[in-house]
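Reader: I would like to go through this model term by term, asking in each case what justifies the word that is used. Could you set each value against its cut-off before drawing the conclusion?

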Amino acid sequence: MTPIKILIIDDHSMIREGLRQLLELDGDIKVVGEAGDGNEGLKLIEATAHDVVLLDINMPNTNGLQVLEKLKQKKIKTKILILTIHNEIEYLLKAVDIGVDGYVLKDSESSVLKTAINAVYHGETFIQPSLTPLLKESVEKNNLKSSIDDGLTRRELQVLELLAEGLYNKEIAERLFISEKTVKNHVSSIFKKIGVSDRTQAAVYAIKHNIVELF
């Protein structure tokens, strides 16, 4: 199997070295480039063939969120997984709003990080499940909940609820006793009906509309 090609953008050299050793241990991931600040990172992303970028938030010159914004402005398509110490909801919401593909905390188990990399690589959006309550708390605090008026079927609501809990298509299929292909069809229909393009946006939608508490 061809290894997933990773770029690491983090201003701490020891963290970069530790991540390289950890990720390359099994041979299914290969680090193909590193950068120590946001400006170097932007140049690296444009110049190096890669699959996924691991991006820190706190960096000199240009921080991680600014890197995200500049990539979007330049319309550079790349898969970004933020790896950060910040579990504050403001950072997460900002990253989601810009269009990040994944968000994982640096104190996570290595298995969580590898799961996130694989998910992002395969086109999924991965938000560390432990952060979902923060999203829900933020929505409730700001009274952002609204009524459902989107034409979702009961089955689609069930799929959306499980999606918002961080389950993958295979896990949703097993939970609802349906095929994975059927789940994929439901997810595509849900995205179209509620006007989102990824699982993170769908999860935020579910929280805002109180769907996670319906069943």
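**Values, cut-offs and conclusions**

Author: Let us begin at the end of a helix, where Asn210, just after H10, takes a positive phi of about 65 degrees. Please keep in mind throughout that this is a predicted model.

Reader: What makes helix H10 a mostly covered helix?

Author: A residue is called buried when its relative accessible area is under 20%, and in H10, which spans residues 199–208, eight of the 10 residues are buried. These are Arg199, Thr200, Ala202, Ala203, Val204, Tyr205, Ala206 and Ile207.

Reader: How many helices and strands does the protein have, and what share of its residues counts as buried?

Author: The protein has 10 helices and six strands, and 48% of its 215 residues count as buried. Its accessible surface comes to about 11000 Å², with 49% of that area belonging to carbon and sulfur atoms. Among contacts between residues at least 6 apart in sequence, 66% join residues at least 24 apart.

Reader: Why is Asp56 called buried or exposed, and what does the UniProt record list for this residue?

Author: The relative accessibility of Asp56 is 5%, and because the word buried applies under 20%, Asp56 counts as buried. The UniProt record, in an unreviewed entry, lists Asp56 for "modified residue: 4-aspartylphosphate", and such annotations may be inferred rather than shown by experiment. Asp56 is placed in the loop between strand S3 (52–55) and helix H3 (64–73). Leaving aside residues up to four places away in sequence, Asp56 touches Ile9, Asp10, Asp11, Gly64, Leu83, Thr84 and Lys106.

Reader: Why does Lys114 count as buried or exposed, and which residues does Lys114 touch?

Author: Lys114 has a relative accessibility of 15%, which is under the 20% limit, and therefore Lys114 counts as buried. Lys114 lies in helix H5, residues 110–121, and, when residues up to four places away in sequence are not counted, Lys114 touches Leu22, Leu23, Asp26 and Ile29.

Reader: How do you know whether Gly38 is buried or exposed, and where does Gly38 lie?

Author: Gly38 lies in helix H2, residues 38–47, and its relative accessible area is 0%, so that, with the limit set at under 20%, Gly38 is buried. With residues up to four places away in sequence not counted, Gly38 touches Met59, Pro60, Thr62 and Val67. The C-alpha atoms of Gly38 and Asp10 are separated by 8.2 Å, while the two residues are 28 residues apart along the chain.

Reader: Why are Asn61 and Lys75 called buried or exposed, and what is the phi of Asn61 and of Lys75?

Author: A residue is called exposed when its relative accessible area is over 50%. Asn61 has a relative accessibility of 58%, and therefore counts as exposed; Lys75, at 74%, likewise counts as exposed. Asn61 lies in the loop between S3 and H3 and has a phi near 70 degrees, which is a positive value in a residue other than glycine. Lys75 is found in the loop between H3 and strand S4 (79–84), and its phi is near 60 degrees, again a positive value in a residue other than glycine.

Reader: Why are H3 and H4 called roughly parallel to each other?

Author: H3 and helix H4 (residues 89–98) pack at an angle of about 10 degrees, with their axes 10 Å apart. Because angles under 35 degrees count as roughly parallel, H3 and H4 are therefore roughly parallel to each other. The contact is made by Leu65, Leu68, Glu69 and Lys72 of H3 and by Tyr91, Lys94, Ala95 and Ile98 of H4. By class, the contact of H3 with H4 has five nonpolar, no polar and three charged residues.

Reader: What makes H7 and H9 roughly perpendicular to each other?

Author: The axes of helix H7 (residues 154–164) and helix H9 (residues 180–194) come within 10 Å and cross at roughly 90 degrees. Because 65 to 115 degrees is the range for roughly perpendicular, H7 and H9 are therefore roughly perpendicular to each other. Arg155, Glu156, Val159, Leu160 and Leu163 of H7 make the contact with His186, Val187, Ser189, Ile190, Phe191 and Lys193 of H9. By class, this contact of H7 with H9 has six nonpolar, two polar and three charged residues.

Terms used. Residues are numbered from 1 along each chain as its sequence is written. This is a predicted model: local features need pLDDT of at least 70, side-chain atom pairs count only at pLDDT 80 or more; totals for chains, interfaces and linings use all residues. Side-chain values use heavy atoms; hydrogens and water are left out. Helices (H or I, at least four residues) and strands (E, at least two) are DSSP runs, numbered from the N terminus. Buried means under 20% relative accessible area, exposed over 50%, partly exposed in between (1.4 Å probe, protein chains only). Contact means heavy atoms within 4.5 Å. Accessible areas come from the Shrake-Rupley method with a 1.4 Å probe; for residues, only the protein chains shown count as cover. Axes are lines fitted to C-alpha atoms, for helices over the stretch in contact, and angles run from 0 to 180 degrees between N-to-C directions. Angles under 35 degrees count as roughly parallel, over 145 as roughly antiparallel, 65 to 115 as roughly perpendicular and the rest as oblique. Ala, Val, Leu, Ile, Met, Phe, Trp, Tyr, Cys and Pro count as nonpolar, Asp, Glu, Lys and Arg as charged, and the others, Gly among them, as polar.
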